Each structure stands twice: as structure tokens, then as C-alpha cells.
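The following note sets out several points for colleagues who are examining this entry. It is arranged by topic and may be read alongside the coordinates.

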Amino acid sequence: MDYTRLGTTGMSVSRICLGMMSYGSKAWRDWILDYDEGYPIVKRAVELGITFFDTADVYSIGASEEVTGRYLKEFFNSRDEYVLATKVFNPMGEGLNQRGLSRKHIMDGVDASLKRLDTDYIDLYQIHRWDYETPIEETMEALHDVVKAGKARYIGASSMWAWQFSKAQYTADLHGWTRFVTMQNHYSLIYREEEREMNPLCLDMGVGLIPWSPLARGFLAGNVTREDGAQTKRAKSDTYIPERTETDFDTVDRLKEIAEKHDASPAQVALAWMLQRPGVSSPIIGATKMHHLEEAIGAVDVKLSDEDVAYLEELYQPREIYGHN
């Protein structure tokens, strides 16, 4: 495993972040692993050097945070050995104030997350999306107070428009509040719209990129084929995935070619491409099988040439924005 600074902060993270959405309760999604099922995978992740873990309050409606806290206490000797990230925004109940980025929900949300995670502080507390109903001043001041209270060390943001992220950062600057240090955006070899504005903005601001869905929800690992369609339980039930195009399948064909050249898997090549993108600190991977994890970690050792990268990127076509909502 390799390690890097998270953006321009002084905090080090593993170059692969383990996404904890995959662990929690099957009542939320039928492909989720419960505590016992996920135990050997998370244990192996720690053995292989992963120190960065990302979850959210909404994953399994709190159960993901609960099992994440249990795993980390079990597998690490002390709290300062790992970096823990979680998120706030999505509905956690039927109440009108159980969602969004109001001061009330952020303050209630961070305390609830700390309790479920069974920890004194969160390393990276992130807003899960943009809240169109709450003034950004209210949100940024509340997040600043969370940091000053010692409940979070840093704050981060997730998928939104570049103008929104810029507005949030400069609102924080104007008032002397805490800035976002990370952007968890939707980014992969077949979804590169973030390269137009968000990624350059983050590079300019020294904000670390921790992309979600770097394997396009498993598509780049081969969970959907031209001939037979979806191949996994998640791919068959995931209504969030946009329709795949012929260009997408052609890109996977090129991944396979480059993978053979490097004695690697297509998933490893897709992640190696991501790891070589400017500003990327640590892509977030999901793992419901041991080989998912081991492939992802192996990607750290795959080094692509400029020619490899150009060949993989050549077919890309602009596409509709998705992931902000």
C-alpha cells in the first residue's frame, strides 16, 4: 500500500479508501453484507494497509456507521492509526428536520454519528450533497462549529456544481470559518465531466479528490456485459446506473487490452488510471467479495504509460451530468 497527504492537509491516508456502504443491513439493500459477512473483508483490508474508511449516516440508515465503528475498534490498536470519514445530508427519518444541512440537522447528525461510530471524533465530516433550501452561510458556520468543538478534524464536500463549491469555500474565507479540504465527486474512466470545472477548481484550491464510483459501480470491472447484461446482484437491482452506451463497452474492451499488457485485471487498470489523475488522493472502492478488495489494492502497483492513458481516454464522449442529486 502507498500513502499520500489528503489534499494539502497534513493528514496521511492510504491511496485506496474502503467504502463502507457495502456493510450494514440487508434490510436497506439486499446486496449489503452484515457484520459477520463483512468481517473478513474489512480485516483483510487493514492487514493490507488500508487506513482510510468512508461511510455515511444514511447507509443502512445508521447500521453502516455502527458496524464500521465495531470493525475499526477490533482491527486497530488505537484511534490515531486510521482515518474515518462520514457524511450528513440525506433523510434519517420522516421528520422535516431529519435531513438537509441546517444547523439543527448538522448538530444533531454529528452527535448521532459519533454515537453510532462509538468514537470521540470524526476525521473527515462531509456534506453528502448541496442543500438548496438552507443558506450556505448557515451550513458553513455550523460545520466550523463542529470542528471547533473537536467533533471533527476536517470537513469535506461531495458531488455538486463547481460554482456551488466555490461559493462555499469563499463564504468560509469571508467569515474566517473552516474550509472544505476534500471533494468526493463522481469520477471514472467513463464519467469524466468533472474534469471540465470541478477537478481544476480543486487543484487550484489544494482540495483533495476522493472520487466515488471509480469503477462506475462495477461496470469497469465487468459486472455488465454486452451479451448478457448485468452479472451481479447489485448490478441487477441498481436503479441509479445510467444506460450504458456502445462507447462505454468499447472502453471496457480497451481496458481488457491494457490489462493483458500489464498482467492485471480491467478493474486494476481502471483504478490505476484514476490514481494517476491530477489531484486524486484516494478513490473510494466498494468490496463485497475478497477479490474486489485484493484487486483494488493491487492497482496501486500498476503504472500506466502516457500511451496507455491516451488509448484508454480516446473514445470518451461528453455525457449528461449525473450524481449531483
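**Notes on the core, helix 9 and the surface**

1. The model under discussion is predicted. In it, Leu18 touches a set of residues beyond its neighbours within four places in sequence: Tyr23, Val42, Ala45, Ile50, Phe52, Phe53, Asp54, Ile285 and Ala287 are in contact with this leucine.

2. Leu18 also belongs to the largest nonpolar core, which comprises 87 residues. Together with Tyr23, Phe53, Phe165 and Leu220, Leu18 is listed among the residues with the most contacts inside that core. The greatest contribution to this core comes from helix 9 (residues 266-275), which supplies eight residues. Apart from this, there is a second, separate core of eleven residues, including Met11, Phe52, Val181 and Ile210.

3. Helix 9 merits a point of its own. How many of its ten residues are buried? Nine are, and the helix is accordingly described as mostly covered. The buried positions are Ala267, Gln268, Val269, Ala270, Leu271, Ala272, Trp273, Met274 and Leu275.

4. Which elements do the buried residues of helix 9 pack against? The partners are helix 8 (246-261), strand 12 (284-285), helix 10 (290-298) and helix 11 (306-313).

5. Backbone geometry deserves attention in the loop between strand 9 (208-209) and strand 10 (224-225), where Ser213 is located. Although Ser213 is not a glycine, its phi is positive, at about 55°. Ser213 counts as buried because its relative accessibility is 12%, and the cut-off for burial is under 20%.

6. Ala216 is likewise placed in the loop between strand 9 and strand 10. This residue, again not a glycine, has a positive phi of about 50°. With a relative accessible area of 5%, Ala216 is therefore buried.

7. Turning to the surface, Tyr132, Trp161, Trp163 and Ile321 make a nonpolar patch of about 470 Å². Of these residues, Trp163 is part of helix 5 (residues 162-175). Is Trp163 buried or exposed? Trp163 counts as exposed because its relative accessibility is 52%, and exposure is assigned over 50%.

How values were computed
Residues are numbered from 1 along each chain as its sequence is written. This is a predicted model: local features need pLDDT of at least 70, side-chain atom pairs count only at pLDDT 80 or more; totals for chains, interfaces and linings use all residues. Side-chain values use heavy atoms; hydrogens and water are left out. Patches are made of residues with over 30% relative accessible area and no salt bridge: like charges are joined within 9 Å, nonpolar side chains (Val, Leu, Ile, Met, Phe, Trp, Tyr) within 5 Å. Accessible areas come from the Shrake-Rupley method with a 1.4 Å probe; for residues, only the protein chains shown count as cover. A salt bridge is a side-chain nitrogen of Lys or Arg within 4 Å of a carboxyl oxygen of Asp or Glu. Helices (H or I, at least four residues) and strands (E, at least two) are DSSP runs, numbered from the N terminus. Buried means under 20% relative accessible area, exposed over 50%, partly exposed in between (1.4 Å probe, protein chains only). A nonpolar core is a set of buried Ala, Val, Leu, Ile, Met, Phe, Trp, Tyr and Cys residues joined through side-chain atoms within 4.5 Å. Contact means heavy atoms within 4.5 Å.
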